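Here is a set of questions and answers on how some labels are justified from computed values. Please look at the sequence and the structure before reading on.

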Amino acid sequence: MSTDTDPARRMLFPGLSSVLRHDLPASVVVFLVALPLSIGVAVATGAPVAAGLLAAVVGGLVAGVLGGSSLQVSGPTASLTVVVAQSIGQYGWAATCFITIGAGVLQVLFGLSRLARGALAIAPVVVHGMLAGIGVTIALQQMHVLLGGESHSSSWASIVDLPRQLMSVHSGDALVGAIVIAILLGWRYLPPILRMVPAPLVAVVTATGLAMVVPTSVERIYVAGTLFRDISLPALPRGGWGGIALVMVTVALIASVETLLSAVAVDRMQPGRRSDMDRELIGHGIANVVAGAVGALPVAAVIVRSITNVKAGARSKASTMLAGVWVLVFAVALVDVVKQIPQAALAGLLIVIGMSLIKLAHIRLARRAGDLFVYAATVLVVVFANLLLGMLVGLALAFALLLWRVVRVVVVATPVPGTENRWLVAVDGTCTFLALPRMTAELARVPRDAVVTIEMTVDFIDHAASDALYDWVQQHRNLGGTVELVEMGAARLADLDGGPPARGHARRMLDDVLGPWRRTPRVDPVVAGIAAYHRSHAHVVRPHLGELLEGQNPDALFLTCADSRIVPNVITNSGPGDLFTVRNIGNLVPADGRDTSVEAAIVYALEKLAVRSVVVCGHSKCGAMDALYHERVTGPGLDDWLAHGRPTLQQYRHGHPVAAAAAVAGFGPVDQLGMVNVAVQLETLAAHPVVRRAMLDRGVVLSGLFFDISSARVMEITPSGIGHIDDASGPVTVLPVQ
């Protein structure tokens, strides 16, 4: 196959026409969104303004080329604002550049170790709490800047000093910041043609113009000379290596998690594409090494910019790379424009961005999932302590909650209604030594001489719980009671004799219940099966049968083949008392009542039991249909019976519509004949006087089914076609091709 048709190659090396038509316009949109945000993040952290612009350039050119996602947009991000600001305040800007290099190296190691998908295992509630905590912290710090003051190093200091700041508001700064917030919040309500222009750009440009005409002074961004004059290269920190390492790990983890979450979001918007997560981490790691080396802020993929890139119609990496080029051109050629931007405008922009990180949907999800206290604790620790501690506390609480949910076991001892001195003890969940207090307390409620059924529906049981249970059973029997131990769960007590405790799997349970016998020498499979039934679920069937002691009330007369591969109650998901089943070779209904057995079943089911439907069910690979199709001589007994199928064979050979539909569906001749046989038996039943009278008087329904053994699926058969029974909406008939 030519490599020109390879989608991955087209993403890396798109045609010029595609770049000009799709990627170039998208890159301009991304540039207009990224520009004010990059400057705002730099100002918020206390880094040089050029550090934010350079980060956008490095994110576009380095991460864009080397990353594993074709449409992600990387650059300085609000989620790193708090930790970078703290690093600059504690270690200085040059040392923070060294920290960025170290964080990049860690990201490269993460990618080479193929740990990218593992980072997505962080509980979403912790990630949501971290983002919300970052948002609150940014909003608290920038509120002072918007009011004309200085940002504080801690959230607590920002809260304590807020009343004083409100009493000394600089009206010009507050007005500019309020205008920015109003534009950003109201932009979504404008006509779509206006919303094509990015709201952050409009807000900052409007605020800059307003600052030039208001009568009061407005604090602007300070840039001495050129943008790159304040840039400093990385330098080794002077001591405090433990703290330096901690900040490196924090930056690497936050940047990695945000990058991977953004990649997942972009992939969902582009179902045909899948990001290489490990390569994405390596690409961003190298980008952060470069960013630290040239004096730029740390970079990460930004969800908002990435989604903007996709919505703008980008098709390849060219869009991200071109956006980085536009930022570089702006930083070199338009430094005087940067000097006119009010600080309050960027503060208003960052406040809205920060508050947008607090999503009501995340809070509702945490509440619905029972994780609200994990979310709240993560937010509080991030706001009033630091980001890494907040993440660790959130992870610890999430793990503790998970552990509690996993090891939790429900033990309930209750008397069985309608019986005398019979009790049921239900043990459901993970049964370990942690369950012993609860289990012993419930078992103590059982009277001494009671007849007890202990129902074990557990997926794990350890030796401590097993020994405690056996001790109680022995003691209860010694006191004159009776105990029946029933194991319905995936974990079995007998498994403990052969080794250490292990978690049972639900698939094993299904195999035991639905699978065929596992025949072994010197073991009668019928007897062994009955013993397993008594052991596992006889007591579950018992109360259902108790409701049927006085008589049966089946819903359907189910006429099917005697083939051992058809289990009517399994394929219809029915239980005792639901089906009045008649089985014979080839699921045949002899015309004119020529077989007294089938005739008696029809009359009894419709006139005595008043069933509401009659079902004929055939199946694939049917031996009777094979013998009928090939007209084999099989002996007087079987030949006489298969003679009732001659009308089916005749209609098949005359081109029955069901045969045509089955052929279109890909079934072979014998299975086609089996489907036609179901349709013919439905016609025979419809002509039966007892069935016809029941259909007219009581609305009894005739239905045809066909069980395909190879797929274990059941199809609908009508007199004129076949159809698939959809799980949600029921059968959809497929008519034969004319």
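**Labels and their grounds**

Q: Why is E607 called partly exposed?
A: In this predicted model, E607 has a relative accessibility of 44%, and since buried means under 20% and exposed over 50%, E607 counts as partly exposed.

Q: What makes the contact of E607 and R693 a salt bridge?
A: The N to O distance between their side chains is 2.8 Å, and because the cut-off is within 4 Å, the pair qualifies as a salt bridge. E607 belongs to helix α27 (residues 596-608) and R693 to helix α33 (residues 689-698), so the bridge ties together parts that are 86 residues apart in sequence. R693 is partly exposed, at a relative accessible area of 41%.

Q: How do you know that R438 and E442 meet in a salt bridge?
A: Their side chains are 3.8 Å apart, N to O, which a cut-off of within 4 Å still admits. Both residues lie in helix α21 (residues 436-443), where a spacing of four residues separates them by about one helical turn. R438 and E442 are also linked with R445 in a network of salt bridges.

Q: Is E442 buried or exposed, and why?
A: E442 has a relative accessible area of 9%, and because buried means under 20%, E442 is buried. Its partner R438, with 44%, is partly exposed.

Q: Why is D626 called partly exposed?
A: The relative accessibility of D626 is 24%, and because the buried class is under 20% and the exposed class over 50%, D626 counts as partly exposed. D626 forms a salt bridge with R632, their closest N and O atoms being 2.3 Å apart.

Technical notes. Residues numbered from 1 in each chain as written. Predicted model: local features only at pLDDT ≥ 70, side-chain atom pairs only at ≥ 80, totals over all residues. Heavy atoms only, no water. Helix = DSSP H or I, 4+ residues; strand = E, 2+ residues; numbered from the N terminus. Buried < 20%, exposed > 50% of the residue type's maximum accessible area, 1.4 Å probe, protein only.
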